[in-house]
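Got the viewer open and a selection box ready? Let's walk through this one stop at a time.

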Amino acid sequence: MPSTSPVVGRVAAGEPRVRLICLPQAGGSAGTFSSWRGHLPPGFELAAVDLPGRGTRGAEPLPAGLGTLADRLADALAPELGMPYALFGHSMGALVAYELAVRIERRGLRPPLALLVSASRAPHVPVTARVSGRDDQALLAWLTAIGGIPQDLLRYPAYLRHALRVIRADLGLAERYHAPDPVRVRTPLHVFGGTEDQLVPADQLARWSACAAGEHTLTLLPGGHSYPYTGAPAVLAALAALPALAQENPQKEAVR
C-alpha cells in the first residue's frame with residue numbers, strides 16, 4: 001500500500017466544500033482530468049487519483065483483481081474522506097468507484113454525498129466482447145474507434161507502446177470483474193453517459209439501477225465514450241446541479 005495519498009494535482013475553485021474524488025478509465029491517470037481544472041464550480045475541489053502502474057505510481061504493479069485494487073484504495077483514500085465528498089469514476093473507473101463505495105460502507109467510514117458512475121456496464125452485467133487479448137494494432141484500432149486514446153499520442157511510438165501495455169492490463173482487470181449479485185449502495189447513485197457512446201449505450205447504463213438501494217438517476221450528455229473530457233463544462237455543471245452536491249455549494253447557501 002502506498003504511504004502517500006494517490007491524489008495528484010489537487011485543485012479547488014475557492015474555498016472547497018465538496019471534494020470530487022475522480023477515478024479514470026483504463027490506462028488513464030490523474031492527468032486525464034486536466035480538462036476539468038478550469039471549469040470547477042465554486043466550492044468544488046478536484047482530487048484526481050493515480051492508480052498503480054501509471055503517472056506518479058508507474059513503478060507499482062497493478063493488483064491482480066479489481067476488488068484488491070478497491071481494498072488498497074479504501075486504505076489509501078481514508079484520509080481524504082474527512083470533508084463532504086463524491087466519488088466519480090469513468091468507464092473502468094466507474095467499477096472501481098462502485099467497489100470503493102461498497103468498502104466505505106462496510107468499514108463504517110464517512111459515506112460519499114453521491115456515487116457518480118460514467119460510461120460503464122453495471123457490475124452484474126457480464127462482458128460480451130473481450131479486447132484485452134488483441135495485439136497492439138487491433139487494440140489501437142478499437143481505442144481509436146471509440147475515441148479512447150488521444151490522437152497526439154500516436155506521434156510518440158515508444159510511449160504509445162507503454163500506454164497500450166497499461167491499457168491492456170487495465171482492460172483485462174475490468175473484463176475479469178463480474179458481480180452477479182451486486183451490493184445495493186445506500187448513497188445516492190447517479191449514472192452518466194454520452195449520447196453518442198457506441199460502447200455503453202443508454203440501455204446498458206440503465207442496468208445500474210440494480211446497484212442502488214435508494215435514490216438513483218440516469219443522465220445523458222453530449223458526446224461519445226470520452227464525453228467527460230471533450231465536454232467538461234457540461235459535465236461539471238450537471239454534477240454541481242445534483243441535489244446532494246448543490247447543498248454543499250456556497251453560492252446555493254447564499255441564496256437560501
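What follows is a short tour of ring pairs, cysteines, a helix packing and a few single residues. Keep in mind that this is a predicted model.

**Stop 1: the aromatic rings**

Start by selecting Phe, Tyr and Trp side chains; five aromatic pairs turn up. Zoom in on Trp36 and Phe88. Their ring centres are 5.1 Å apart and the planes meet at 65°, and since an angle over 60 counts as edge-to-face, that is the label this pair gets. Now colour by secondary structure: Trp36 sits in the loop between strand E2 (18-23) and strand E3 (44-48), while Phe88 belongs to strand E4 (residues 85-90), so the pair ties together parts 52 residues apart in sequence. Are these two buried or exposed? Trp36 is buried, at a relative accessible area of 0%, and Phe88 is buried too, at 1%.

Add Phe33 and Tyr229 to the selection, and you have a cluster: ring pairs link Phe33, Trp36, Phe88 and Tyr229.

Next, select Tyr98 and Trp208. This is another edge-to-face pair, 6.0 Å centre to centre with 75° between the planes. Tyr98 is in helix H2 (residues 92-107), and Trp208 is in the loop between helix H5 (202-205) and strand E7 (216-221), so here the pair links distant parts of the chain, 110 residues apart. Both Tyr98 and Trp208 are buried.

**Stop 2: the cysteines**

How many disulfides does the structure hold? Zero. Select Cys22 and look for the nearest cysteine sulfur: it belongs to Cys211, 20 Å away. A disulfide needs the two sulfur atoms within 2.5 Å, so Cys22 is in no disulfide. Cys211 is in no disulfide either, with the sulfur of Cys22 as its nearest, at 20 Å. As for accessibility, Cys22 is buried at 0%, and Cys211 is buried at 0% as well.

**Stop 3: helices H1 and H2**

Switch to cartoon and show helix H1 (residues 66-77) with H2. Their axes are 9 Å apart and the packing angle is about 60°. Roughly perpendicular starts at 65 degrees and roughly parallel is under 35, so H1 and H2 count as oblique to each other. The crossing is right-handed.

To see what makes the contact, turn on side chains:

- From H1, pick Leu66, Gly67, Leu69, Ala70, Asp71, Leu73, Ala74, Asp75 and Leu77.
- From H2, pick Leu95, Val96, Glu99, Leu100, Arg103 and Arg107.

**Stop 4: Ala174**

Jump to helix H4 (residues 157-176) and select Ala174. At 13% relative accessibility, Ala174 is buried. Which residues does Ala174 touch, leaving out those up to four places away in sequence? They are Met92, Leu95, Arg121 and Val127. Leu95 is also among the H2 residues in the contact with H1. If you want a distance to draw, the C-alpha atoms of Ala174 and Pro123 are 9.8 Å apart, for two residues separated by 51 places along the chain.

**Stop 5: two positive phi values**

Finish with the backbone. Select Ser91, in the loop between E4 and H2. Ser91 has a positive phi of about 55° although it is not a glycine, and at 16% relative accessibility Ser91 is buried.

Then go to Ala119, in the loop between strand E5 (114-118) and helix H3 (136-145). Ala119 is another residue other than glycine with a positive phi, here near 50°. Its relative accessibility is 1%, so Ala119 counts as buried.

Terms used. Residues numbered from 1 in each chain as written. Predicted model: local features only at pLDDT ≥ 70, side-chain atom pairs only at ≥ 80, totals over all residues. Heavy atoms only, no water. Phe/Tyr/Trp six-rings, centres within 6.5 Å; stacked < 30°, edge-to-face > 60°. Helix = DSSP H or I, 4+ residues; strand = E, 2+ residues; numbered from the N terminus. Buried < 20%, exposed > 50% of the residue type's maximum accessible area, 1.4 Å probe, protein only. Axes fitted to C-alpha atoms, helices over the stretch in contact; angles between N-to-C directions. Parallel < 35°, antiparallel > 145°, perpendicular 65-115°, else oblique. Left-handed = near helix turned anticlockwise from the far one by under 90°. Contact = heavy atoms within 4.5 Å.
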